[in-house]
Amino acid sequence: FRFILAKPMDVPTYVEHGVADLGIAGKDVMLEEERDVYELLDLKISACYLAVAGLPNTRLKNVAPKIATKYPQIAAAYFREQGEQVEIIKLNGSIELAPMIGLADRIVDIVSTGR
């Protein structure tokens with residue numbers, strides 16, 4: 001056997017291309033990457049959810065508010081389902097800073113504690 005330590009977002013790619021027979025990745029990665037792989041089992045560890053958040057008492061712009069996220073595919077699908085037209089800004093870290101520095105009106109990020 002050989003074990004490969006990889007960044008979570010890369011795991012489905014390794015499996016899809018046959019470099020790895022099996023991988024462990026979060027549901028967020030599976031949904032965002034949309035790779036042609038089969039989910040064998042939900043390990044039910046580290047329960048979390050994706051949330052839309054912004055600064056308190058801030059109103060969204062009427063036309064295409066900016067949404068910062070590490071999950072552009074999931075966020076775009078969500079807002080499309082809501083009938084809202086938004087501009088998605090992809091970030092790789094410190095998503096919560098985007099509204100504070102004026103980059104985005106809201107964020108979509110993974111939350112594992114709180115509400």
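This briefing describes the sheet, the salt bridges and a nonpolar surface patch of one protein chain. The model is predicted. Its four strands form an open sheet with mixed pairing, and helix α3 packs on that sheet. Three salt bridges are counted, and a nonpolar patch of about 890 Å² lies on the surface.

**The sheet and its helix**

- Across the open sheet the strands follow the order β1-β4-β2-β3, and their pairing is mixed.
- The edges of this sheet are formed by β1 and β3 (87-90), each of which pairs on one side only.
- On average, and with direction ignored, neighbouring strands of the sheet are turned by 25 degrees against each other.
- Strands β1 and β4 (residues 106-111) run antiparallel and are joined by five bridges, and in β4 the residue I110 is the bridge partner of L50.
- Helix α3, which covers residues 72-81, packs on the sheet and touches β1, β2 (66-69), β3 and β4, while its direction makes about 165 degrees with that of β3.

**The salt bridges**

- Side chains of opposite charge can pair when their charged atoms come close.
- One such pair is E16 with R35, whose side chains meet in a salt bridge at 3.0 Å, N to O; E16 belongs to helix α1 (residues 11-16) and R35 to the loop between α2 and β1, so that the pair links distant parts of the chain, 19 residues apart.
- Both partners of this bridge count as partly exposed, because the relative accessibility is 30% for E16 and 31% for R35.
- R35 also meets E33 in a salt bridge at 3.8 Å, N to O, and E33 is partly exposed, with a relative accessible area of 23%.
- Through shared partners, the salt bridges join E16, E33 and R35 into one network.
- The side chains of E39 and K27 meet in a salt bridge at 2.9 Å, N to O; because E39 lies in the loop between α2 and β1 and K27 in helix α2, this pair ties together parts that are twelve residues apart in sequence.
- E39 is partly exposed, with a relative accessible area of 34%, and K27 is likewise partly exposed, with 40%.

**The nonpolar surface patch**

- The residues L22, I24, Y38, L40, L41, L43 and I45 make up the nonpolar surface patch of about 890 Å².
- Among them, Y38 has its place in the loop between α2 (27-33) and β1 (49-53).
- Y38 counts as exposed because its relative accessibility is 68%, and exposed here means over 50%.

Terms used
Residues are numbered from 1 along each chain as its sequence is written. This is a predicted model: local features need pLDDT of at least 70, side-chain atom pairs count only at pLDDT 80 or more; totals for chains, interfaces and linings use all residues. Side-chain values use heavy atoms; hydrogens and water are left out. Patches are made of residues with over 30% relative accessible area and no salt bridge: like charges are joined within 9 Å, nonpolar side chains (Val, Leu, Ile, Met, Phe, Trp, Tyr) within 5 Å. Accessible areas come from the Shrake-Rupley method with a 1.4 Å probe; for residues, only the protein chains shown count as cover. A salt bridge is a side-chain nitrogen of Lys or Arg within 4 Å of a carboxyl oxygen of Asp or Glu. Helices (H or I, at least four residues) and strands (E, at least two) are DSSP runs, numbered from the N terminus. Buried means under 20% relative accessible area, exposed over 50%, partly exposed in between (1.4 Å probe, protein chains only). Two strands pair if DSSP finds at least two bridges between them. Axes are lines fitted to C-alpha atoms, for helices over the stretch in contact, and angles run from 0 to 180 degrees between N-to-C directions. Contact means heavy atoms within 4.5 Å.
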